[in-house]
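Open the model in your viewer and keep the sequence panel beside it. The stops below say what to select and what is there.

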Amino acid sequence: MATVGWPGSAWSAGLAPQTKIRLTVVQWMPAKGQYEQWGALGGEFVVTQAGTVVLPVIGAVSVANLDGAGLAAEVAKRLQAKIGLVSKPDTTVEILQYPPIYVVGDVTKPGEYRFHDGLTVLQALALSGGAFRTEAEKSSQDQIKLVGELRGIETNIVRSMARIARLEAETSQAKEIAFPPVTQTGADSEVVREIFAQERIIFATRANELERQAKSLAELRDLLTAEIGVLEEKIKTADDSITSAQNELSGVKVLVDKGIAVASRQSDLERTLAGFRTDRLDQVTAVMRARQAITEATRNLDGLRDKQRTEIATELQQERANLEQLRLKRETAQKVLLEIIASSPGSGADAAKPLVYTITRNEGGQVKEIAAREATVLLPGDVVKASFAPVQARDKTGSISGAVAKTASDEASQ
């Protein structure tokens, strides 16, 4: 479970100082038929600056020439001798944390950073925030950012103007939208055409929806009116039936009083007359309900148009306020951009300078400086120095001479 050496390097001088390890010691117990961990002998430890690890029972162990597996074997050997075991205990060393690396020089955030396997010079540069930016570079980036913001504001202004034109067309119940000219804005013509097309789609969709709902309510009102006409005809028929039944009942009553007709005949006529009157009342009630439904349909139709006008007025008011805010933002951004352009210095010389990398590394107690490039793999404890190469170091072909050329030569020799 121990790592052997460092990836991407030929360094094998042992575990570097400040390396954090976890030591685990287990022993096979034949009587129990299982492994038993010795927690008192294991734990987490840190390699000291002297290149030793202080462990329980056996004391300080030098790791100068040991990797993880070698340290595990050395600990097992010393434990066997110290405790007097018949066989060596099973010992493992796991690396928990590597020593940090350091980035200095012409970088944004020089300092200490955590190391991980395969860490390169370029990745270390990214951890430190990249190359240090001069005021000219910062000014240029601010200009680019402001120009992008202005283009976005101009597009939003066109979108707001198009929306206002559509809302005004809806308010006046126009057949088409009269879009204002937007040639004075900085918006792209293709974007403008797309915005206008979207607003035309919304305009047509909302108009069709209103027309569909109004048509539905108008048809309902016409249907109810026709139903009332039918019911009124039924009422007239019922009135005729009631009059006929009343006349017949009067004649039957005279006959019953004279004993010519039976009383049951009178009773049947009375029930028939009551049925006619009930039907007439139902038809009158149906007429009243239909008229109430017509009133409600008319109210809904009027309310539909009123609701649309209210919504359009609210949206129009909000959109006009939004347009004013966008124009204010555009004016402010333009002023800031002009100030940046006016106050920005000439193109900084550092912008044309490449970075030169050197690594300061402790190998076997000796400090060495190694030329490096972006793809060079770092080791724990390395100090990466990034510095701008002088512009005058370039020759006529544009290649870099002097310190930069030496760096390339050193890398080639490696």
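Where along the chain is Q18 found? Q18 sits in the segment before β1. This is a predicted model, in which local features need pLDDT of at least 70, side-chain atom pairs count only at pLDDT 80 or more, and totals for chains, interfaces and linings use all residues. Residues are numbered from 1 along each chain as its sequence is written, and side-chain values use heavy atoms, with hydrogens and water left out. Helices (H or I, at least four residues) and strands (E, at least two) are DSSP runs, numbered from the N terminus.

**Stop 1: Q18 and β1**

Stay on Q18. Its phi is near 75 degrees, a positive value in a residue other than glycine. Q18 has a relative accessible area of 39%, so it is partly exposed. Here buried means under 20% relative accessible area, exposed means over 50%, and partly exposed lies in between (1.4 Å probe, protein chains only).

Now select β1, residues 20-29. Two strands pair if DSSP finds at least two bridges between them. β1 pairs with strand β2 (residues 34-37) in the antiparallel sense, over four bridges. In this pair V26 stands opposite Q37 of β2. The two strands form a hairpin with four residues between them, and G33 in the turn has a positive phi of about 70 degrees.

β1 also runs antiparallel to strand β3 (residues 43-46), joined to it by four bridges; R22 has E44 of β3 as its bridge partner. With β6, the pairing of β1 is again antiparallel, over seven bridges, and K20 is matched with Q97 of β6.

**Stop 2: V57**

Go to the loop between β4 and β5, the place of V57. The phi of V57 is positive, near 70 degrees, in a residue other than glycine. V57 counts as partly exposed because its relative accessibility is 44%.

**Stop 3: helix α1**

Select residues 68-83, which make up helix α1. This helix has 16 residues and reaches 22 Å from its first C-alpha to its last, close to the 22 Å expected at 1.5 Å a residue. The expected span is 1.5 Å times one less than the number of residues.

Which residues of α1 are buried? They are G68, L71, A72, V75, A76 and L79. They cover an arc of only 135 degrees around the axis, which puts them on the same side of α1. The arc is that of the directions from the helix axis to the C-beta atoms. An α-helix has 3.6 residues a turn, so residues three or four places apart point the same way.

Show the strands that these buried residues pack against: β1 (20-29), β4 (52-55), β5 (59-62) and β6 (90-97). Contact means heavy atoms within 4.5 Å.

Then look at the two ends of the helix. D67 caps the N-terminal end of α1, with a side-chain oxygen 3.3 Å from the backbone nitrogen of A69. After α1 comes G84, whose phi is positive, near 80 degrees.

**Stop 4: helices α4 and α5**

Select helix α4, residues 189-257. Its 69 residues should span 102 Å at 1.5 Å a residue, and its end C-alpha atoms are 101 Å apart, which agrees. Within α4, pick G251, which is partly exposed with a relative accessible area of 36%. G251 and Q266 are 15 residues apart in sequence, and their C-alpha atoms are 9.4 Å apart in space. Just after α4, G259 takes a positive phi of about 80 degrees.

Move on to helix α5 (residues 263-343) and find Q283 in it. Is Q283 buried or exposed? Q283 counts as buried because its relative accessibility is 16%. Leaving out residues up to four places away in sequence, Q283 touches L231, K234, I235 and A238.

**Stop 5: the five-stranded sheet**

Show the open sheet of five strands in the order β8-β7-β11-β9-β10, with mixed pairing. Its edge strands are β8 (111-113) and β10 (366-372), each pairing on one side only.

Select strand β11, residues 383-388. Its side chains alternate: V384, A386 and F388 point to one face and are buried, while V383, K385 and S387 point to the other and are not. Strand β7 (residues 101-105) pairs with β11 in the parallel sense over four bridges, and V104 has K385 as its bridge partner. Strand β9 (residues 355-363) runs antiparallel to β11, joined by six bridges. L355 is matched with F388 of β11, and V356 with S387.

Technical notes. Polar contact = N/O pair within 3.5 Å; in protein donor to acceptor, adjacent residues only side chain to side chain.
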